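Colleague: Could you take a close look at the surroundings of the ligand for me, and then work outward from there to the sheet and the helices? I would like one connected account rather than a list.

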Amino acid sequence: MSITHPLVGQPLDALDTPVLLVDLDRFEANVSHLAETCRRLGIDWRPHAKGHKSPDVARKLLDAGAIGLTCAKLSEAEIFVDAGVEQILVANQLASPLKADRLARLQNRANVIGIVDCAEAADLLSVSAQAEGVTIPVLIDVDTGMHRTGVIPGPRVLQLAKHVAAKKGLRFEGIMGFEGHTYKDSPEEKSDRCAVAIGHLDEARRQLTEGGLDVPIVSAGGTGCYEWSAHLAGVTELQAGGGIFMDAMYREACNVGPELQYALTLLTTVTGVHEDHIVTDAGFKTLWSFHHPPRLLDAEGVSFEYLSAEHGVYRRTPDGTMPCFGDRLVLLPGYHDATTYLHNEFVCIRHGVVEDVWPLATRGALT
Ligand SMILES: Cc1ncc(COP(=O)(O)O)c(C=O)c1O
């Protein structure tokens, strides 16, 4: 028997603050938009789950047509597999026998792809796969310009792919890259730099094919650049995930268009009003200003100044009307991903009433 969360059916006024809210109409519109974009382009959607951390959200994305999920951490993948997700890409290289063994064991229950950018990582996976009696699907991570992880484009991609293909217990499945270095480019620059980034993947795909390897997967793209890269030749699947919620950074710093709406907000209360500033109950243990500052949506008279642990401080603007003590205000997170992980649950709202509550089950899954 499923137990209904006590908040379900309550009006917004009944919620104590600070509380993380999902506007279901907007969320569903964002999910449809991303799923439809991929459908139209003839590519798969494997949305990154690092922002939502929720099997409930995963189910909605799969229902909308996502082929599976991308995860940052193996422990996230384990929780999603427990929840019934069957196709996962762990987009981080595993560097210990402990982790390689866990990835091998997961193959008994789901198709969980690993990535490598060095032969040592492939060798680790191969040992674990053989010990477990399974085959681990593997992508080569290509550095498309971010210079964080990945093989530098060129002959080393083919070398490593051949190494993987020759290893017992591994199946070479293709390549991935993440053009995150383009997120905050101007739209014109982003167009050029995404073309260069995806061009590296397409060229790698061509070299691999000429080298005799099948390359079924070329995985790339994030919310901050999908409009500039998802349509480019070579891409077979899109990893963009954060766009299901949208945030201030994607819109204001990455110029992501209005097709994606602000579905994730925080309800906060004004706990103090001073001469030139106000204080709210949402500090950096509730949302974080990492990457981009948060914004009060319905309070024109103040602008973000700083967060301390349990206080948000907003400064009076030259001719603004200050909110009052006890006012409940709607906050737009700067970067949603640096906010969701601080919360246990999403409170989902439709027409001012709580319709559902989704736990963030992979919160704290860091290994
Ligand atoms: C490997 C990888 N893929 C995709 C993304 C894009 O995620 P999002 O769409 O949530 O911005 C990221 C973001 O950090 C990433 O690291």
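**The ligand shell and the fold around it**

Modeller: The ligand is surrounded by 14 residues, and the closest of them are Phe-178, Gly-222, Thr-223, Gln-239 and Gly-242. Please keep in mind throughout that this is a predicted model. Sorted by class, the shell around the ligand holds three nonpolar residues and 11 polar ones, with no charged residue.

From the ligand I turn to the sheet, which is open and built from eight strands in the order S2-S9-S8-S7-S6-S5-S4-S3, with parallel pairing. Strand S2 (44-45) and strand S3 (69-71) stand at the edges and have a single partner strand each, so one side of each is left without a neighbour in the sheet. Strands of a sheet pair through backbone hydrogen bonds, in either a parallel or an antiparallel sense. As an example from within this sheet, strand S5 (residues 111-116) and strand S6 (residues 136-141) pair in the parallel sense over three bridges, and in that pair Gly-114 stands opposite Val-138 in S6.

Two helices can be placed against these strands. Helix H6 lies across S5, S6 and strand S7 (170-176), and H6 runs at about 170 degrees to S6. Helix H7, in turn, lies across S7 and strand S8 (217-220), running at about 170 degrees to S8. S7 therefore appears in the account of H6 as well as in that of H7.

These two helices also pack on each other: the axes of helix H6 (residues 155-166) and helix H7 (residues 187-210) are 9 Å apart, at an angle of about 50 degrees. An angle of that value makes H6 oblique to H7, and the crossing of the two is right-handed. On the H6 side the contact is made by Val-157, Leu-158 and Ala-161, which meet Ala-204, Gln-207 and Leu-208 in H7. By class, this contact of H6 with H7 has five nonpolar residues, one polar residue and no charged residue.

A further helix pair is found earlier in the chain, where helix H1 (residues 24-41) and helix H2 (residues 55-64) pack with their axes 9 Å apart and at an angle of about 45 degrees. H1 and H2 are therefore oblique to each other, and their crossing is right-handed. Here Val-31, Ser-32 and Ala-35 in H1 meet Lys-60, Leu-61 and Ala-64 in H2, and the residues of this contact divide into four nonpolar, one polar and one charged.

Helices H3 and H4 give another arrangement, for the axes of helix H3 (residues 74-82) and helix H4 (residues 97-106) come within 11 Å and cross at roughly 20 degrees. H3 and H4 are therefore roughly parallel to each other, and H3 passes H4 in a left-handed crossing. Leu-74, Ala-77, Glu-78 and Val-81 of H3 make the contact together with Lys-99, Arg-102, Leu-103 and Leu-106 of H4. The residues of this contact of H3 with H4 divide into five nonpolar and three charged, with no polar residue.

Outside the eight-stranded sheet, strand S13 (residues 302-307) and strand S14 (residues 312-316) run antiparallel and are joined by five bridges. S13 and S14 form a hairpin with four residues between them, and within the pair Ser-303 stands opposite Arg-315 in S14.

Two backbone details remain, and the background to both is that most residues other than glycine have a negative phi, and most peptide bonds are trans. Met-246 has a phi near 65 degrees, a positive value in a residue other than glycine, and its place is in the loop between strand S9 (237-238) and helix H9 (248-253). The peptide bond from Thr-17 to Pro-18 is cis, with omega near -5 degrees, and Pro-18 lies in the segment before strand S1 (19-23).

Conventions: Residues are numbered from 1 along each chain as its sequence is written. This is a predicted model: local features need pLDDT of at least 70, side-chain atom pairs count only at pLDDT 80 or more; totals for chains, interfaces and linings use all residues. Axes are lines fitted to C-alpha atoms, for helices over the stretch in contact, and angles run from 0 to 180 degrees between N-to-C directions. Angles under 35 degrees count as roughly parallel, over 145 as roughly antiparallel, 65 to 115 as roughly perpendicular and the rest as oblique. A crossing is left-handed if the near helix is turned anticlockwise from the far one by less than a right angle, and right-handed if clockwise. Two residues are in contact if their C-beta atoms, placed from the backbone, lie within 7 Å. Ala, Val, Leu, Ile, Met, Phe, Trp, Tyr, Cys and Pro count as nonpolar, Asp, Glu, Lys and Arg as charged, and the others, Gly among them, as polar. A residue is near a molecule or strand if its C-beta atom, placed from the backbone, lies within 6 Å of it. Two strands pair if DSSP finds at least two bridges between them.
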